[in-house]
Amino acid sequence: MNSKKSQKIAFIFLLLATLLIIVPVGLIIAIIIQKGLPGISWEFLSDIPRKGMRAGGIFPAIVGTLYLVSGAIIFALPIGLFSAIYLSEYAKDNFLTRIIKLAIVNLAGVPSVVYGLFGLALFVVFFKFGASILSGSLTLGIMILPLIITASREALESVPYSFREVSWSLGASKWQTIRNIVLPNAIPGILTGTILGLGRAAGETAPILFTVAAFYLPQLPRSIFNQAMALPYHLYVISTQVPNVDEKIRYGTALVLLTMVLFMNLIAVVIRYKFRKKKKW
Amino acid sequence: MAKFSIRELDIWFHQVHALSQASLEIESNEILSIIGPSRSGKTTFLRMLNRLNELERGFRMSGKVEMDAKDIMTEDRELIRKKVGMVFALPLPLPLSIFDNVAYGPRMHGVKSKKKLEEITEDTLKKAYLWDEVKDRLRVSAFKLSGGQQQRLCIARTLAVSPQVVLFDEPCSGLDPISTAKVEEAMLKLKENYTIVLVTNNVKQAARVGDKTAFFLSGELIEMGDTQKIFTAPKDKRTEDYISGKFG
């Protein structure tokens with residue numbers, strides 16, 4: 001076989017593989033939009049579920065998901081960012097540091113249902129927060145911590161070392177350098193990682209299953225110690241636990257959840273794009 | 001009195017012996033040029049003077065470096081770096097405006113008054129021969145400047161914290177001859193008020209601007225003396241071979 005021919009064959013295979021990725025993504029989005037769009041209305045978005053969730057809207061689930069996602073980020077962003085700063089700027093490269101980094105990588109690989117079980121044992125039972133927004137947010141927060149730490153570390157380490165040297169050579173301390181030079185240039189990357197974490201937290205079912213999610217709750221939660229409904233769990237419930245739910249309600253719920261997650265990812269993409277255009281080194 | 005007095009200085013990075021038994025004195029208000037091939041330890045020596053080496057992994061040292069008769073290793077690290085400024089090999093503006101680049105150092109040392117910062121900026125940009133070229137666009141990003149302008153901006157930024165010593169680490173390696181001439185002009189003017197140590201790969205540059213010249217080879221100080229003497233009557237054969245271009 002001559003080189004031109006083999007080049008052509010390789011090209012076709014690579015292209016096919018790439019196209020193969022687009023097909024399922026496109027199909028999922030198309031089907032959900034096609035089946036879900038008829039169910040979307042102002043009433044659907046703003047009303048509570050009625051008639052055993054076979055009618056009415058999904059407002060409490062939307063609000064619940066927003067609460068959970070905000071709670072998770074309030075908890076996970078500062079801790080994740082601080083530990084990322086410590087690991088990339090201060091920690092010496094020794095055995096302990098390597099163990100910590102390894103632990104973070106492994107934390108990202110833990111199945112989400114295990115986080116759910118862990119949240120149940122620690123927050124619900126041990127700290128006696130009960131099944132509540134607090135427990136659920138903390139569980140989701142722990143789940144997205146590795147994501148935030150990894151993204152923040154990458155963002156911090158992408159700031160050129162020479163900038164730090166310049167700052168030190170002018171007599172600035174390490175912390176001054178981090179605050180004035182490293183962090184401002186790393187923030188877009190940190191934000192991107194955080195938003196991707198938010199999307200992940202919004203979509204997971206297993207971690208909230210035991211820690212917060214209510215099967216059916218016609219009123220909105222009044223404090224962080226209340227249970228709440230949440231979109232992914234609600235979708236699970238009306239798809240498998242309640243018979244005879246109209247298809248457009250199920251797909252409508254899926255569409256709302258998908259839109260929320262994709263919208264967050266879109267924001268992350270926009271931030272990254274803007275930053276890349278502005279980047280000067 | 002000598003500004004720096006270095007005695008039996010040894011530096012290692014992990015197992016690599018980067019500098020061995022260097023002893024020399026650096027006088028105030030002079031330019032000391034340090035020449036030598038790459039990996040001769042000249043940059044390591046330079047970065048010792050403002051304590052940048054110790055941030056590298058595996059750094060170890062022995063011997064003594066005294067500035068104004070005080071051991072720099074026992075002084076406050078940030079204070080030493082304020083007194084001993086550095087201009088790096090490549091122009092390294094911070095991702096800030098021209099003004100903020102110059103004002104960065106003073107701000108870190110607590111200067112808040114806008115008027116004072118403007119004074120410092122104008123004064124140091126003039127000393128670096130850059131003021132006339134940038135005075136109308138101080139708020140523009142420093143990355144908009146040409147390479148030679150950026151390097152002079154870096155000089156101004158270094159001067160802004162009022163150092164006593166300025167270290168130049170091959171400051172012209174990325175510049176064209178005209179920009180190089182401007183940087184050299186700035187250096188010659190600066191030695192009236194500052195002590196200057198210049199590491200350079202360009203032997204001719206050492207001859208042009210150095211009052212004294214030191215030749216490093218494989219981590220050893222081979223010879224040091226008046227520039228005139230080093231270039232006309234070097235004592236060591238290796239120095240002669242290097243400056244006449246036989247190796248390096």
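Start by selecting chain A: of its 281 residues, 40% are buried (20 or more other C-beta atoms within 10 Å of a residue's own, against 12 or fewer for exposed and partly exposed in between, with C-beta atoms placed from the backbone). Keep in mind that this is a predicted model, where local features need pLDDT of at least 70, side-chain atom pairs count only at pLDDT 80 or more, and totals for chains, interfaces and linings use all residues. Residues are numbered from 1 along each chain as its sequence is written, and chains are lettered from A and ligands numbered from 1 in the order in which they are written.

**Chain A**

Switch to cartoon view and you'll find eleven helices and two strands (DSSP runs numbered from the N terminus, with H or I of at least four residues for helices and E of at least two for strands). Walk along from the N terminus and the order is α-α-β-β-α-α-α-α-α-α-α-α-α. The C-alpha trace spans about 70 × 65 × 35 Å along its principal axes.

**Where A touches B**

Now show both chains: 16 residues of chain A are in contact with 19 residues of chain B (C-beta atoms, placed from the backbone, within 7 Å). On the chain A side, helix H7 (161-169) and helix H8 (174-203) each give two or more residues. H7(A) brings the largest share, six residues.

**Strand E7 of chain B**

Next, select residues 165-169 of chain B, which form strand E7; five of its five residues are buried. Which residues sit on each face of E7(B)? Val165(B), Leu167(B) and Asp169(B) are on one side, and Val166(B) and Phe168(B) are on the other. In a regular strand, side chains alternate between the two faces of the sheet.

Add residues 84-87 of chain B, strand E6, which runs parallel to E7(B) and is joined to it by four bridges (strands pair if DSSP finds at least two bridges between them). Look for Val84(B) opposite Val165(B).

Then add strand E8, residues 195-199 of chain B, also parallel to E7(B) and linked to it by five bridges. Here Asp169(B) stands opposite Val199(B). To get from E7(B) to E8(B), the chain passes through helix H7 of chain B (residues 177-190) in a right-handed β-α-β crossover (with the strands pointing away from you, the path from the first strand over the helix to the second runs clockwise).

**Last stop: helix H1 of chain B**

Finish with residues 42-49 of chain B, helix H1, where eight of its eight residues are buried. Among them are Phe45(B), Leu46(B) and Met48(B), but also Lys42(B) and Arg47(B). Just after H1(B), click Arg51(B), which has a positive phi of about 55 degrees.

How values were computed:
Two residues are in contact if their C-beta atoms, placed from the backbone, lie within 7 Å.
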